[in-house]
Amino acid sequence: MKRLLLLITLVGLSRVLIAQTGEVTTFILVRHAEKASDGTKDPPLNAVGQKRAYTLYETLSDTKIDKIISTPLKRTRATMKHVALNSKLEIETYDYKNKMLLQELIKENAGQTILISGHSNTTPFLVNQLIGEQKFEQLDDDEYDKIFIVSCTKVGDGKLVVIKY
């Protein structure tokens with residue numbers, strides 16, 4: 001059911017935007033799954049996080065993903081592992097401090113679907129940039145279940161749907 005809802009959402013957003021302006025790029029943004037408390041700055045996923053990463057794969061398994069990017073930390077990369085294997089894609093890293101990241105991604109990947117794995121602060125920041133408004137604050141420490149889907153032709157004009165997985 002979740003996969004069907006995701007597919008319907010992506011198709012619907014794309015049709016609205018194509019009718020308005022042309023080539024639409026779709027961003028799927030998630031916060032990394034639950035992390036272990038091992039006292040390090042770069043912990044892996046815990047057992048719950050590993051299960052959530054697999055659930056993300058199941059949710060997106062029927063979605064054509066063209067590019068997967070993640071911050072370089074273990075937990076963000078591990079969250080994308082199953083989706084990357086299914087899509088036969090490498091997980092590329094990005095610098096969340098790059099102010100031109102989204103513009104570069106749209107320019108280089110127009111019309112494609114990009115999956116981004118970030119953190120409690122970086123994910124809402126990127127979503128806000130894509131939609132052109134300050135709608136989301138930092139995610140709560142225990143908030144790992146949102147998928148932000150933004151379809152746009154340029155940064156700031158995005159149409160947003162949020163689902164839980």
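## Salt bridges and a buried serine

Arg 52 and Glu 34 are both buried (under 20% relative accessible area, 1.4 Å probe, protein chains only; exposed is over 50%, partly exposed in between). This is a predicted model, where local features need pLDDT of at least 70, side-chain atom pairs count only at pLDDT 80 or more, and totals for chains, interfaces and linings use all residues. Residues are numbered from 1 along each chain as its sequence is written, and side-chain values use heavy atoms, leaving out hydrogens and water.

Visitor: How many residues apart in sequence are the parts that Arg 52 and Glu 34 tie together?
Guide: Happy to show you! Their side chains meet in a salt bridge at 2.9 Å, N to O (a Lys or Arg side-chain nitrogen within 4 Å of an Asp or Glu carboxyl oxygen). Arg 52 lies in helix α2 (helices are DSSP runs of H or I, at least four residues; strands are runs of E, at least two; both numbered from the N terminus) and Glu 34 in the loop between β1 and α2, so the parts are apart in sequence by 18 residues.

Visitor: Lys 67 is buried, but what is the relative accessible area of Glu 92?
Guide: The side chains of Lys 67 and Glu 92 meet in a salt bridge of 2.9 Å, N to O. Lys 67 is in strand β2 and Glu 92 in strand β3. Lys 67 is buried at 13%, whereas Glu 92 is partly exposed, with a relative accessible area of 37%.

Visitor: And how many salt bridges does a search of the whole structure find?
Guide: Another pair is Lys 164 and Asp 145, at 3.8 Å, N to O. A search of the whole structure gives a total of 5.
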